[in-house]
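Here is a friendly walk through one protein model, taken region by region. Please keep the sequence and the 3D view at hand as you read.

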Amino acid sequence: LARSEEEPLPQSTFPVNFSDLLWSSLLPFESLVFEQGVTLSEDIAPDLWVLGDSQQLRQLVLILLDNACKYAGLEKKVCAELSSSQDKVCLRVSNTGEPIPPEELPRLFDRFYRTDKSRSRKEGGYGLGLSIALRIIKGHHGKIRVTSDAENGTCFAVYLPLCSKKT
C-alpha cells in the first residue's frame, strides 16, 4: 500500500459519461440498501462528461456510496446527486448519520483512520476507502469537500473537471 502511494496512478484518460457511470453504479446498491432498510435517492443530471479512467471513477463512487450506507444512522437515508457548474462536475453523496466532529474532518482521508474507534470492526472494512478515494480524485485533477452537522447530515462533495464528450 505504501509503495503504491508513491507510484503515479495508472490512468487511461478517455471521455467518460459520469452520469451513466453513476446510474450503473447505483444499481448494485439497490438490493444492499433494501436489506439494510436504507432509503437511497438520486438526482442525476444527464450527459455530464469527465476525462478519466472509468474503472477508477466507478471505484470512487462505490467507496462513497458504501460509506454513506454504512453510516446512514437511524433515519437511514442516502442521497447521490450529480450536477455541473461552470467547468466542474459535482458529485454529492450524503447521508443522515451521526455528524462527524469538526476536529475529525481533516483526518478522514488518512489511511486506517476511523472517527469512532469502538465501531471500527462492527462496520467492517479497514479504514482505507477514503484514502483510496482521495487518491483517485487527485489523479483526476479533482477536489473533495466534506461537511457534517446534526441538521444536514454528512456530505462528501467531489469536484471534477467537466469535459465535452468529443475531447
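A residue is called exposed here when its relative accessible area is over 50%, buried when that area is under 20%, and partly exposed in between. The model is a predicted one.

## Two residues with positive phi

Let us begin with Q86, which sits in the loop between β4 and β5 (88-95). Its relative accessible area is 76%, so Q86 is exposed, since the cut-off is over 50%. The backbone of Q86 also deserves a look: phi is about 55°, a positive value, although the residue is not a glycine. As background, most residues other than glycine have a negative phi.

K76 is another non-glycine residue with a positive phi, near 55°. You will find K76 in the loop between α3 (54-70) and β4 (77-85). With a relative accessible area of 32%, K76 is partly exposed.

## Around T39

Which residues does T39 touch once its neighbours within four places in sequence are left aside? They are K76, K77 and V78, so K76 from the loop described above turns up again, because its heavy atoms come within 4.5 Å of T39. T39 itself belongs to strand β2 (residues 39-44) and is partly exposed, at 48% relative accessible area.

The C-alpha atoms of T39 and C79 are 8.3 Å apart, while 40 residues separate the two in sequence.

## Helix α3

How well does the length of α3 agree with expectation? At 1.5 Å a residue, its 17 residues should span 24 Å, and the end C-alpha atoms are indeed 24 Å apart. The N-terminal end of the helix is capped by D53, which places a side-chain oxygen 3.0 Å from the backbone nitrogen of Q55.

The buried residues of α3 are Q56, L57, L60, V61, I63, L64, L65, N67, A68 and C69. Further along the helix, D66 and K70 form a salt bridge through their side chains, at 3.4 Å from N to O. These two residues both lie in α3, 4 residues apart, or about one turn of the helix. D66 is partly exposed, with 27% relative accessibility, and K70 is also partly exposed, with a relative accessible area of 27%.

## Salt bridges

How many salt bridges does a search of the whole structure find? There are 2. Besides the D66 and K70 pair in α3, the side chains of R107 and D110 meet at 3.2 Å, N to O. R107 counts as partly exposed at 40% relative accessibility, and D110 is partly exposed as well, at 32%.

## Strand pairing through β3

Strand β3 (residues 49-52) pairs with strand β1 (residues 14-17) in the antiparallel sense, over 4 bridges. Strand β3 is also joined to strand β7 (residues 153-163) by 2 bridges, again running antiparallel.

V50 is a handy residue for following both pairings. Towards β1, V50 is the bridge partner of V16; towards β7, V50 stands opposite L162.

## The nonpolar core

The largest nonpolar core has 40 residues, and those with the most contacts inside it are F18, L64, L82, L91, L108, F156 and V158. At least two residues of this core come from each of α2 (18-36), β2, α3, β4, β5, α5 (129-139), β6 (143-149) and β7. The largest share, 8 residues, is supplied by α3.

F18 makes a good viewpoint on this region. Not counting residues up to four places away in sequence, F18 touches L48, W49, V50, L57, V61, L82, V89, L91 and L160. That list includes V50, the β3 residue that partners V16, and also L57 and V61, which are among the buried residues of α3.

## N95 in strand β5

N95 is found in strand β5. Is N95 buried or exposed? Its relative accessible area is 8%, so N95 is buried, given the cut-off of under 20%.

A polar atom of the N95 side chain lies 3.2 Å from the backbone nitrogen of G97. Leaving aside neighbours within four places in sequence, N95 is in contact with N67, A68, Y71, A72, K77, V78, N152, G153 and T154. Among them, N67 and A68 are buried residues of α3, while K77 and V78 are also contacts of T39.

Methods:
Residues numbered from 1 in each chain as written. Predicted model: local features only at pLDDT ≥ 70, side-chain atom pairs only at ≥ 80, totals over all residues. Heavy atoms only, no water. Buried < 20%, exposed > 50% of the residue type's maximum accessible area, 1.4 Å probe, protein only. Salt bridge = Lys/Arg side-chain N within 4 Å of Asp/Glu carboxyl O. Pairing = 2+ DSSP bridges. Expected span 1.5 Å × (residues − 1). Polar contact = N/O pair within 3.5 Å; in protein donor to acceptor, adjacent residues only side chain to side chain. Core = buried A, V, L, I, M, F, W, Y, C linked by side-chain atoms within 4.5 Å.
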